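The exercises below are to be worked through with the sequence and the structure at hand. Each task is followed by a solution in steps.

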Amino acid sequence: MSVKTYAKAVRDTIAAEMRRDDRVFLMGEDVEEIGSIFGCTADLTKEFGRERAFNTPISEAGFVGAGLGAACTGMRPIVELLYMDFSFVAMDQLLNQVAKTRYVFGGKAKIPLVIRGQQGIGRGNAATHSQSVETIFMHFPGLKVACPSTGRDAAGLLRTAIRDDNPVMIFEHKALYPTKCDVPDDPEFMLPFGKADIKRPGTDVTIVANLLYVKRSLEAAEELAKMGISAEVIDPMTLVPLDRETIVESVKKTGRLVVVHEAHRTAGWGAEVASMVTEEAFRYLDAPPLRLGTKACPLPFNVDLENAATPQVSDIVEAARKVCYR
Amino acid sequence: MATTIIMPKQGLQMTEGLILRWLAKEGDTIREGQPLFEMETDKLTITIDANVTGTLLKILRGEGELVPITEVIAIAGEPGEDISGLLPSGSAAASEQPESAPAPQPEPEGNPAKPVSGERVFATPRARMHAQERQVDLRTVAGSGPDGLIIDRDIQEKANIRATPLARKEAEKAGVALDGIAGTGSHGKIVLADVLEKEERRPDAAARDAEISEEADETAIPLTGMRRIIARRMKESLTEMAQANHRMEADMTEAVRLRDQLKAQGIKVSYNDIVLYCTARALTEYPRMNSVMTDNAIIEKRRVHLGMAVATEDGLLVPVIRDADRMKLQELGGRARELGRLAREGGLRPDDMTGGTFTVTNLGMFGVDTFTPIINAPEAGILGVGQIRKKAVVLDDDSIAVRSMMWLSLTYDHRVIDGAPAAQFLRRVKQLIEQPALLL
């Protein structure tokens with residue numbers, strides 16, 4: 001175990017995997033000199049050379065497609081998107097090519113491709129650099145979707161992704177990069193996909209959250225505990241595949257569900273979870289499942305307005321109290 | 001608004017019930033909690049109380065009909081109300097009459113826990129699930145959620161009120177809310193007496209009490225709760241049945257010896273256990289004695305569920321030993337002691353007191369030689385047992401010997417069984433008691 005930042009955990013995992021397997025390589029905007037602007041690729045070019053860790057032009061459609069081609073021909077590329085918002089530039093590559101190539105060619109090609117990068121609020125990056133876009137990639141079949149909320153989870157899920165023969169998108173969070181936690185040094189440390197993590201056990205209300213909102217939900221759970229409400233905080237870890245069982249079993253126990261994410265509330269992935277729970281645990285519900293998400297507005301540049309648009313800890317507390325009728 | 005009355009499910013295994021007797025006829029006023037009809041399942045005979053208050057508009061399934069559970073058997077409502085929409089499909093009226101929109105219901109005043117019957121109860125799915133599991137009637141729960149929505153917590157609080165099953169049943173019958181009662185039982189458990197006391201404090205009970213005049217040299221005991229029930233049942237039994245009585249004196253000398261031998265082995269058996277055991281055995285041989293009478297049939301029961309009268313501080317209770325004829329002597333004795341204890345502690349479940357097919361009552365411990373017991377309706381007979389006394393008896397060989405003697409007194413319903421077969425039954429009980437070797 002070493003205490004390190006989320007960003008360092010990502011960087012060290014990439015480095016370890018590149019050392020282990022020379023088919024693994026990294027490309028993206030600004031990965032060389034400054035180690036991407038958040039330090040997730042620091043010194044990788046120094047260690048592995050420009051053959052295996054190199055800058056791309058500012059052309060997401062081009063280098064995502066290049067990653068797909070490399071994966072098809074036997075490499076195990078890690079493609080970094082500087083902001084996950086930029087995935088939109090490469091949407092045809094991601095949704096029509098990466099997600100479907102294996103399927104349309106009858107399974108002849110393996111696609112061991114990792115697309116990763118950061119997203120979200122916290123730096124006042126405004127409307128086109130602060131979004132949470134994971135829901136879109138959950139909607140179209142063919143991509144695995146991972147959302148690590150801690151450095152430990154980032155390391156474990158990234159290693160599993162790199163060793164997966166199918167395309168995986170990893171959504172990291174810019175506001176979580178400086179957070180520190182214990183990360184296993186074990187070069188084989190992996191976290192399974194489709195296994196949710198109960199970040200805090202509880203009995204009165206189930207809170208399902210990802211990324212930054214796991215942290216905020218845990219803070220809310222502290223507040224709720226002072227009021228005598230015991231909240232169970234579940235991080236799905238991967239949205240595809242989704243660990244339905246852990247969530248449904250938790251709601252069967254608590255009878256109440258709040259889903260909270262930074263993705264827009266309208267048709268956000270929380271709606272999928274709420275609906276799934278209603279279908280599978282209807283008789284156990286003591287209140288309608290509640291969804292919290294970013295309001296239906298572009299994210300503002302101004303930090304105060306950004307806060308107003310996104311769920312705060314107090315909103316989570318209030319939602320949990322509401323479903324508990326307290 | 002008219003409501004339907006259905007064949008209720010009484011116990012997990014029940015799929016259909018036989019209607020034995022309607023206790024109200026069409027046009028009669030019925031009250032929630034008051035007996036409405038008697039029915040029989042494969043397990044027991046039971047009186048079902050009305051779950052609505054109103055006028056019995058239509059009886060759809062008559063006496064002697066076997067009806068699947070949840071099927072509509074009657075309709076209650078206001079006199080003159082149009083009930084064509086509630087009649088089972090297939091009847092001409094139902095197919096012609098389009099379902100009319102229900103008239104808006106006035107808000108029930110006062111107690112929100114008791115909505116007008118037929119009014120929709122709003123509860124969360126979880127509350128409904130737990131209400132079903134814990135047998136809480138949603139109509140008796142006050143919802144604490146938004147707009148009176150019943151939420152899970154309301155069910156938990158309701159179900160967590162610690163009360164004996166008897167107290168619960170009485171409270172339900174009388175419409176008394178358990179949450180306002182301080183329990184006087186062990187660990188604050190609400191017992192029957194607490195409910196009865198609460199019942200007496202209700203305004204209508206007060207009105208009833210007001211009419212009781214008490215002179216200076218008198219004590220008036222208000223006729224409430226259990227006393228009222230006992231009074232009604234005893235009177236009904238004597239007015240409805242043709243009760244006749246036979247007596248025989250049994251020689252208990254051998255039974256005394258058997259008991260002493262068992263006692264020496266450390267096996268605890270009472271004389272009453274021996275009487276229960278012999279009675280159960282004799283009932284299997286005389287099924288007519290083990291029967292129930294309906295208006296047009298005598299139903300002989302194939303299973304023997306033996307009631308045993310127990311005197312408690314609250315009054316007489318008759319717990320039932322199920323399948324008494326299939327038990328060994330010690331097993332029967334153990335069960336009798338357990339039920340006796342539960343009766344005295346107020347721990348009997350409603351199930352423990354229903355479905356009896358014959359009753360034994362013993363006043364020997366009070367020094368009674370012989371007495372005339374009253375039948376526990378709707379059974380056909382009851383055996384009264386007196387004390388054992390040593391007497392000088394002339395034996396068959398004209399010698400005089402000291403023997404332990406005990407009177408048996410059988411009251412039987414002459415409508416069901418004639419004097420001669422009743423005498424044969426009693427003689428068989430006596431024979432078994434006198435020769436315990438026959439038990440082996």
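**Exercise 1. Chain B as a whole**

Of the contacts in chain B with a separation of 6 or more, what percentage is accounted for by residues 24 or more positions apart?

Before the solution, some conventions apply. This is a predicted model, in which local features need pLDDT of at least 70 and side-chain atom pairs count only at pLDDT 80 or more, while totals for chains, interfaces and linings use all residues. Residues are numbered from 1 along each chain as its sequence is written, chains are lettered from A and ligands numbered from 1 in the order in which they are written, and side-chain values use heavy atoms, with hydrogens and water left out.

Step 1. Contact means heavy atoms within 4.5 Å.

Step 2. In chain B, residues 24 or more positions apart make up 59% of the contacts with a separation of 6 or more.

Step 3. Chain B has 440 residues, of which 42% count as buried (under 20% relative accessible area; exposed is over 50% and partly exposed in between, with a 1.4 Å probe and protein chains only).

Step 4. The secondary structure of chain B comprises 11 helices and 18 strands, both being DSSP runs numbered from the N terminus (helices H or I, at least four residues; strands E, at least two).

**Exercise 2. The two domains of chain A**

Determine how domain 1 and domain 2 of chain A are placed and joined.

Step 1. Domain 1 covers 2–183 and domain 2 covers 197–323; such bounds come from an automatic or database domain assignment.

Step 2. The centres of these domains of chain A, taken over C-alpha atoms, are 26 Å apart.

Step 3. Contacts involve 30 residues of domain 1 of chain A and 27 residues of domain 2 of chain A.

Step 4. Together the two domains of chain A bury about 2,200 Å², with 65% of it on carbon and sulfur atoms; buried area is the accessible area (1.4 Å probe) that two parts lose on being put together, summed over both.

Step 5. Between domain 1 and domain 2 of chain A there is 1 salt bridge (a side-chain nitrogen of Lys or Arg within 4 Å of a carboxyl oxygen of Asp or Glu).

**Exercise 3. The largest nonpolar core**

Which residues have the most contacts inside the largest nonpolar core?

Step 1. A nonpolar core is a set of buried Ala, Val, Leu, Ile, Met, Phe, Trp, Tyr and Cys residues joined through side-chain atoms within 4.5 Å.

Step 2. The largest one has 109 residues, and Phe137(A), Phe171(A) and Val277(A) have the most contacts inside it.

Step 3. Helix 1 (residues 6–20) of chain A gives the most to this core, namely 7 residues.

Step 4. Because domain 1 (2–183) and domain 2 (197–323) of chain A both give residues to this core, it lies between them.

Step 5. Beyond four places in sequence, the contacts of Phe137(A) include Ser87(A), Met91(A), Leu143(A) and Phe171(A).

**Exercise 4. Salt bridges of helix 10 in chain B**

Is Asp273(B), the partner of Arg337(B) in a salt bridge, buried or exposed?

Step 1. The closest N and O atoms of Arg337(B) and Asp273(B) are 3.3 Å apart.

Step 2. This pair links distant parts of the chain, 64 residues apart: Arg337(B) lies in helix 10 (residues 329–345) of chain B and Asp273(B) in helix 9 (residues 271–285) of chain B.

Step 3. Asp273(B) has 3% relative accessibility and therefore counts as buried, whereas Arg337(B), at 34%, counts as partly exposed.

Step 4. Glu338(B) and Arg335(B) also form a salt bridge (3.1 Å, N to O); both lie in helix 10 of chain B, 3 residues apart, about one turn of the helix.
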